[in-house]
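Subject: A structure for you to look at

Hi,

Here is the structure I promised to pass on. Have a look at it first, then read my notes underneath.

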Amino acid sequence: TVRKDLVYNVDLIKNQLAEQACCRAEDVPFEEVLEFARNLSLIDMSDNPSGQYLDFLDDDGSDLYVSFTRN
């Protein structure tokens, strides 16, 4: 089993998505942030895209942790 823990900054992702959508960062739904982070982790683990995610935010909501495991 391989496990990779990745950390993404929520504000940076929101700013990037807001720029692409021409909206304010605070208007970006968290679901889009989560999807963006999951897609980044899929790219990082592209040698075997099947696996399981465990996502969680830190206490102040600024960092999104994506733990990806595969056999």
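Below is what I found, going from the whole chain down to a few residues.

One thing before the details: this is a predicted model.

**The whole chain**

The protein chain has two helices and three strands. If you walk along from the N terminus, you meet them in the order β-α-α-β-β. Of the 71 residues in the chain, 27% are buried. The chain exposes about 4,800 Å², and 49% of that comes from carbon and sulfur atoms. I also looked at contacts between residues at least 6 apart in sequence: 50% of these join residues at least 24 apart.

**The two helices**

How do the axes of α1 and α2 cross? Helix α1 covers residues 10-21 and helix α2 covers residues 30-44; their axes come within 10 Å and cross at roughly 100°. An angle of 65 to 115 degrees counts as roughly perpendicular, so that is how α1 and α2 sit relative to each other. On the α1 side, the contact is made by Val 10, Ile 13, Lys 14 and Leu 17, while α2 brings Glu 32, Val 33, Phe 36 and Ala 37. Sorted by type, the residues of this contact come to six nonpolar, two charged and no polar.

**Asp 5 and its distant partners**

Try finding Asp 5 in strand β1, which spans residues 2-9. Which residues does Asp 5 touch, leaving aside its neighbours within four places in sequence? They are Val 66 and Ser 67. Val 66 is 61 residues away from Asp 5 in sequence, yet their C-alpha atoms are 5.9 Å apart in space. It's a nice pair to click on if you want to see how sequence distance and spatial distance can part ways.

**The cysteines**

There are zero disulfides in the structure. Take Cys 22: the nearest cysteine sulfur belongs to Cys 23 and is 7.9 Å away. A disulfide needs the two sulfur atoms within 2.5 Å, so Cys 22 is in no disulfide. Looking from the other side, Cys 23 is in no disulfide either, with the sulfur of Cys 22 as its nearest, at 7.9 Å.

Are these two buried or exposed? Cys 22 has 73% relative accessibility and counts as exposed, because the cut-off for that is over 50%. Cys 23 comes out at 34%, so Cys 23 counts as partly exposed.

Have fun exploring, and write back with any questions!

Cheers

Definitions and conventions
Residues numbered from 1 in each chain as written. Predicted model: local features only at pLDDT ≥ 70, side-chain atom pairs only at ≥ 80, totals over all residues. Heavy atoms only, no water. Helix = DSSP H or I, 4+ residues; strand = E, 2+ residues; numbered from the N terminus. Contact = heavy atoms within 4.5 Å. Buried < 20%, exposed > 50% of the residue type's maximum accessible area, 1.4 Å probe, protein only. Areas by Shrake-Rupley, 256 points an atom, 1.4 Å probe, with all protein chains shown as cover. Axes fitted to C-alpha atoms, helices over the stretch in contact; angles between N-to-C directions. Parallel < 35°, antiparallel > 145°, perpendicular 65-115°, else oblique. Nonpolar A, V, L, I, M, F, W, Y, C, P; charged D, E, K, R; others polar.
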